[in-house]
Amino acid sequence: MFLTRLTLDLRQSAVRRDLADAYDMHRSLVRAFVTEGDEAPPRFLWRVEPEAVWRAPVLMVQSIVEPDWRGFKEKGYLKKAPETKEIDPARLIQIERYYRFRLFANPTITQQGKRYGLQTEPQQQAWLERKGTKCGFEIQNVLVTASDVVHLKNDTICLQQACFEGVLKATDAPALQAAVEQGIGPGKAFGLGLLSLAPR
């Protein structure tokens, strides 16, 4: 699996367009994985990192195949060269080990066949704890550092987004590995679901 850190150049209109709409960002990122217009891209996850006024926007992209960022560099999309490294979740994740984590997710509940975003912090934290039970981890501590509604495609799609940061304990290594590889929750095409872990 490959993890890439992209530093974007805000001087480019394409960058500003993509940062304004996750639908456009996903469409742009697909070009790093396909060569033909009708080719289906492999699974990949991505996230715009929390912003800081003193640095350029940073994008994290995780994929099962190595991306090709040459087109992005040639068009001036990037402020500096991509930073890509290969990671092995099976080696990273060990049962009973503690990890610092970050997750931008779409916490939801389904009622009568419809999915609704969870807006309060207690609801969002409870959602994450339920996900942990299925995904092989226990939350030790967590903060919801951001929560808002993401508007896509001229408001035709609206998603509740929450940023979770804290510490978790691995309780089921294969399940947690699958969560890292496949993402957590809905909205994965729109910059949500990427679970990042760092051993404590």
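The dialogue below goes through two sheets, one buried strand, one buried threonine and the empty spaces of a predicted model.

Trainee: What should I keep in mind about the kind of model and its numbering?

Mentor: This is a predicted model, in which local features need pLDDT of at least 70 and side-chain atom pairs count only at pLDDT 80 or more, while totals for chains, interfaces and linings use all residues. Residues are numbered from 1 along each chain as its sequence is written, and side-chain values use heavy atoms, with hydrogens and water left out.

Trainee: What makes strand 2 and strand 4 edge strands of their sheet?

Mentor: Strands are DSSP runs of E with at least two residues, helices are runs of H or I with at least four residues, and both are numbered from the N terminus; two strands pair if DSSP finds at least two bridges between them. By that rule 4 strands form an open sheet in the order 2-3-1-4, with antiparallel pairing. Strand 2 and strand 4 each have a single partner strand, so one side of each is left without a neighbour in the sheet. The twist in this sheet averages 15° from one strand to the next.

Trainee: How do you know that strand 1 pairs with strand 3, and which residue of strand 3 stands opposite threonine 4?

Mentor: The pairing asks for at least two bridges, and strand 1 and strand 3 are joined in the antiparallel sense over 6 bridges, with valine 61 opposite threonine 4. Strand 2 is likewise antiparallel to strand 3, over 5 bridges, and here valine 48 stands opposite leucine 59. Between strand 1 and strand 4 there are 4 bridges, again antiparallel, and arginine 5 faces glutamate 83 of strand 4.

Trainee: Why is strand 3 called largely enclosed?

Mentor: A residue is buried under 20% relative accessible area, exposed over 50% and partly exposed in between, with a 1.4 Å probe and protein chains only. In strand 3, 6 of the 6 residues are buried, so the strand is largely enclosed by the rest of the structure. Val58, Met60 and Gln62 point one way from strand 3, while Leu59, Val61 and Ser63 point the other way, and all are buried. In a regular strand the side chains alternate between the two faces of the sheet.

Trainee: Is threonine 108, in strand 6 (residues 108–111), buried or exposed?

Mentor: Threonine 108 has a relative accessible area of 12%, which means that it is buried. Taking contact as heavy atoms within 4.5 Å, and not counting residues up to four places away in sequence, threonine 108 touches Arg115, Tyr116, Gly117, Leu118, Trp127 and Pro186.

Trainee: What makes strand 8 and strand 10 the edges of the other sheet?

Mentor: That open sheet of 4 strands has the order 8-9-5-10 with antiparallel pairing, and strand 8 (137–152) and strand 10 (195–199) each pair on one side only. Strand 8 is joined to strand 9 (residues 157–170) by 14 bridges, and among the partners glutamate 138 is matched with lysine 169.

Trainee: How do you know that the empty space lined by Met1 and Arg43, among others, is a cavity?

Mentor: On a 1 Å grid over the protein atoms alone, a cavity is a set of points where a 1.4 Å probe fits but cannot get out, whereas a pocket is an open set with protein on both sides within 12 Å along at least five of seven lines; lining residues have an atom within 4 Å of a point. The count by this rule comes to 1 cavity of 30 Å³ or more. The largest cavity holds about 30 Å³ of space, and its lining consists of Met1, Arg43, Phe44, Leu45, Gln62, Ser63, Ile64 and Glu181.

Trainee: What is the volume of the largest pocket, and how is a volume defined?

Mentor: Grid points are joined across faces, edges and corners, and a volume is the space filled by probe spheres set on the points; for the largest pocket the value is about 480 Å³. Of the 20 residues in its lining, Leu3, Met60, Lys85, Ser196 and Leu197 are the closest to its centre. Strand 10 gives the largest share of this lining, 4 residues.

Trainee: And which residues lie nearest the centre of the second largest pocket?

Mentor: The second largest pocket has about 380 Å³ of space, and of its 18 lining residues Leu19, Val48, Glu51, Val150 and Gln161 lie nearest the centre.

Conventions: Axes fitted to C-alpha atoms, helices over the stretch in contact; angles between N-to-C directions.
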